[in-house]
Amino acid sequence: MSGFKELVLASHNAGKLKELQAMLGDAVRVRSIGEFSQVEPEETGLSFVENAILKARNAARISGLPALADDSGLAVDFLGGAPGIYSARYADGQGDAANNAKLLDALKDVPDAQRGAQFVCALALVRHADDPLPILCEGLWHGSILHEARGEHGFGYDPLFWVPDSECSSAEMPSEQKNRLSHRARAMALLKQRLGLA
Ligand SMILES: O=c1nc[nH]c2c1ncn2[C@H]1C[C@H](O)[C@@H](COP(=O)(O)OP(=O)(O)OP(=O)(O)O)O1
Ligand SMILES: [Mg+2]
């Protein structure tokens, strides 16, 4: 990526790391924060952007490298935008399957017309831990919540996220397709533009 020979990806989520790496291609040598630390910073921000900055600064501090963080989640209309920034912690840290089960339960008996949702992604790139001007890019992906899981690809809430334009769930699409359409793909396209790579 322009100006950076090496970059650390500030995520402990394997699914996310795979997608971010695929989207970055060979624009830059990518390391993962897992090489440096297994300790996940507490996500104390009140917004996706704040959490992304916090994770990027933490990774830059630990690695001594420029850092790119992704804070993302699912905002469900019927739930007033929940689980939102708390998506990973929705079922109290019990993992993706428990999060998905809790979401299906919360939307039990909610008709299709009221099951709209969007995936949200905030990317933050800091050149160093105290960077006073992080580069921030956001992306949204509109869809709706299915009544039961469909598909085996992806991670997190993908089996429950119906993509109307593609007529499948985001776990049913091949990774190449998700990586062109998703909230993360949109945010990454903006980041590449900002950095003069697109
Ligand atoms: O494309 C996606 N497809 C399905 N689910 C997704 C996606 N993007 C975010 N999500 C869900 C997963 C997790 O429940 C939460 C992110 O939480 P978030 O804190 O940003 O990530 P994380 O804790 O898994 O890893 P880390 O903070 O180390 O990057 O939203
Ligand atoms: Mg997290």
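## Second largest pocket

By class, the residues lining the second largest pocket comprise 3 nonpolar, 6 polar and 3 charged ones. The model is predicted, and the pocket volume in it comes to about 210 Å³. The lining is made up of G15, K18, E19, A22, H153, G154, F155, S170, M173, S175, K178 and N179.

Two helices, α1 (14-24) and α4 (175-181), each contribute at least two residues to this lining. The largest share is that of α1, with 4 residues.

## Largest pocket

The largest pocket holds about 650 Å³ of space. Its lining consists of 28 residues, and those nearest the centre of the pocket are N13, K16, E43, S72 and A88. Sorted by class, the 28 lining residues divide into 8 nonpolar, 10 polar and 10 charged.

Three elements each give at least two residues to the lining of the largest pocket: the strand β3 (67-76) and the helices α3 (96-106) and α5 (183-194). With 4 residues, β3 provides the largest share.

## Ligand 1 and its shell

What occupies the largest pocket? Ligand 1 sits there. Around ligand 1 there are 20 residues, of which S11, N13, K16, K55 and K178 are the closest. N13 and K16 are also listed among the residues nearest the centre of the largest pocket. K178, for its part, is also one of the residues that line the second largest pocket.

The shell around ligand 1 contains 4 nonpolar, 8 polar and 8 charged residues. Both β3 and α5 supply at least two residues of this shell. β3 gives the most, with 4 residues; the strand also has the largest share of the lining of the largest pocket.

## Polar contacts of ligand 1

Which part of H12 lies 2.8 Å from an oxygen atom of ligand 1? For H12 the atom is a backbone N or O. E43 and K55 approach the ligand through their side chains: an N or O atom in the side chain of E43 is 2.9 Å from an oxygen atom of ligand 1, and for the side chain of K55 the corresponding distance is 2.7 Å. How much of the area that ligand 1 exposes when taken alone is buried by the protein? Of the 600 Å² that ligand 1 exposes alone, the protein buries 95%.

E43 also appears among the residues nearest the centre of the largest pocket, and K55 is one of the residues closest to ligand 1.

## Cavity

How many cavities of 30 Å³ or more does a search of the whole structure find? The search finds 1. The space in the largest cavity is about 30 Å³.

A10, H12, I33, P41, K55, N58 and A59 form the lining of the largest cavity. By class, this lining has 4 nonpolar, 2 polar and 1 charged residues. Two of the residues named there, H12 and K55, also have atoms placed against ligand 1: H12 at 2.8 Å through its backbone and K55 at 2.7 Å through its side chain.

## Loop between β3 and α3

The loop between β3 and α3 contains P83 and D92, each with a backbone feature to note. The peptide bond that runs from A82 to P83 is cis, and its omega is near -5°. D92 has phi near 55°, which is a positive value in a residue other than glycine.

The two elements that this loop joins both take part in the largest pocket, where β3 and α3 each supply at least two lining residues.

Technical notes. Residues numbered from 1 in each chain as written. Chains lettered and ligands numbered in written order. Predicted model: local features only at pLDDT ≥ 70, side-chain atom pairs only at ≥ 80, totals over all residues. Heavy atoms only, no water. 1 Å grid on protein atoms, 1.4 Å probe; cavity = no way out; pocket = protein on both sides within 12 Å on 5 of 7 lines; lining within 4 Å. Points joined across faces, edges and corners; volume = space filled by probe spheres on them. Nonpolar A, V, L, I, M, F, W, Y, C, P; charged D, E, K, R; others polar. Near = heavy atom within 4 Å. Polar contact = N/O pair within 3.5 Å; in protein donor to acceptor, adjacent residues only side chain to side chain. Areas by Shrake-Rupley, 256 points an atom, 1.4 Å probe, with all protein chains shown as cover. Sits in = over half its atoms within 2 Å of the grid points.
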